[in-house]
Amino acid sequence: MTDIHMHILPGFDDGARDIYESLEMADEAARDGVTDIVATPHCNVPGMSGNYRGSGYEERFSALKNAIAQERIPVKLHRGMEVFATEGLTKLIRDEKVLTLAGSRYLLVEFDFGGDPDFADRILDGILSCGLVPVVAHAERYEFVRYDIETVERWRKKGCLIQLNKGSFTGNFGGEVMEAAFFIASQRLADAVASDAHGTDRRTVYMSRAREIVSREISPRYAKYLFD
């Protein structure tokens with residue numbers, strides 16, 4: 001499996017607290033069947049450190065990648081960020097302050113959970129205008145998406161991709177979020193499921209259970225697409 005959304009960089013956001021927890025997360029993910037991890041710390045969140053592209057990110061990323069190799073944990077670590085949507089996001093993209101997923105043209109973007117759909121549309125249009133493809137993080141968790149699930153279909157018609165959290169399929173975020181995740185997946189509107197893991201004792205890395213659920217309840221072939 002490939003996990004495109006994990007807060008595994010040590011001491012960089014509200015994810016792994018230190019490199020020991022990072023290594024444990026990597027090891028647990030590998031044992032669960034994950035082969036590739038994109039390190040996606042929070043970026044551009046108002047009121048927090050910007051966590052933009054720079055030496056701070058590179059130092060932590062390189063240290064963790066080297067430690068994973070030294071411990072012979074069989075996973076590949078890739079660069080990325082979970083970028084919070086603000087009015088200045090397109091400028092950040094043009095100024096190369098944010099990282100796409102694994103050096104691709106895909107940008108993981110999140111919104112305020114109680115945010116405005118018109119604002120979200122405007123931000124997504126701005127990302128597309130920069131030549132990047134927005135990957136909407138945990139789309140099922142946004143209140144405005146659950147209120148109007150057709151929002152997801154509209155985003156995909158624009159050219160955006162949709163990421164769902166594995167915990168949504170196991171009820172970790174409540175019944176309404178679980179219902180939205182199953183509906184989005186059943187309509188084949190999702191493009192990836194990721195752990196959005198934040199540690200070893202909360203929001204964990206394990207994705208195989210969610211994969212089994214999606215495979216059983218929706219489709220084995222679609223589960224392979226979403227998780228691999």
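The chain folds into 10 helices and nine strands in what is a predicted model. Its C-alpha trace stretches over about 45 × 45 × 25 Å along the principal axes. The radius of gyration comes out at 17 Å, and since a compact globule of 228 residues would sit near 17 Å, the two agree. Buried residues account for 53% of the 228 residues. Turning to contacts between residues at least 6 apart in sequence, 74% of them join residues at least 24 apart.

Next come the pockets. The largest pocket has a volume of about 260 Å³. Its lining is made up of 16 residues, and the ones closest to the centre are Thr 2, Ile 4, Leu 101, Asp 191 and Ala 192. Strand E1 (2-6), strand E9 (192-194) and helix H10 (220-227) are the elements that supply two or more residues to this lining. The top contributor is H10, with three residues. Sorted by class, the lining of the largest pocket holds 12 nonpolar residues, plus two polar and two charged ones.

The second largest pocket encloses about 190 Å³ of space. Here, too, 16 residues do the lining, with Asp 14, His 42, Glu 110, Phe 113 and His 138 closest to the centre. In this second largest pocket the lining splits into seven charged, four polar and five nonpolar residues.

Helix H4, covering residues 117-129, is a good one to walk along. At 1.5 Å a residue, its 13 residues should span 18 Å, and the C-alpha atoms at its ends are indeed 18 Å apart, so expectation and model agree. Ala 120, Asp 121, Ile 123, Leu 124, Gly 126 and Ile 127 of H4 are buried. The cover over these buried residues includes three helices, H3 (89-94), H5 (143-147) and H6 (150-158), along with strands E6 (106-110) and E7 (133-136). After H4 comes Gly 131, which has a positive phi, near 85 degrees.

Finally, there is Asn 165, a residue of strand E8 (residues 161-165). Asn 165 counts as buried because its relative accessibility is 0%, against a cut-off of under 20%. Leaving aside residues up to four places away in sequence, Asn 165 touches His 5, His 138, Glu 140, Arg 141, Phe 173, Val 193, Ala 194, Asp 196 and Arg 203. One of these, His 138, has already come up among the residues closest to the centre of the second largest pocket.

Note on methods. Residues are numbered from 1 along each chain as its sequence is written. This is a predicted model: local features need pLDDT of at least 70, side-chain atom pairs count only at pLDDT 80 or more; totals for chains, interfaces and linings use all residues. Side-chain values use heavy atoms; hydrogens and water are left out. On a 1 Å grid over the protein atoms alone, a cavity is a set of points where a 1.4 Å probe fits but cannot get out, and a pocket is an open set with protein on both sides within 12 Å along at least five of seven lines; lining residues have an atom within 4 Å of a point. Grid points are joined across faces, edges and corners, and a volume is the space filled by probe spheres set on the points. Helices (H or I, at least four residues) and strands (E, at least two) are DSSP runs, numbered from the N terminus. Ala, Val, Leu, Ile, Met, Phe, Trp, Tyr, Cys and Pro count as nonpolar, Asp, Glu, Lys and Arg as charged, and the others, Gly among them, as polar. The expected span of a helix is 1.5 Å times one less than its number of residues. Buried means under 20% relative accessible area, exposed over 50%, partly exposed in between (1.4 Å probe, protein chains only). Contact means heavy atoms within 4.5 Å. The radius of gyration is taken over C-alpha atoms; the globule rule is 2.2 Å times the number of residues to the power 0.38.
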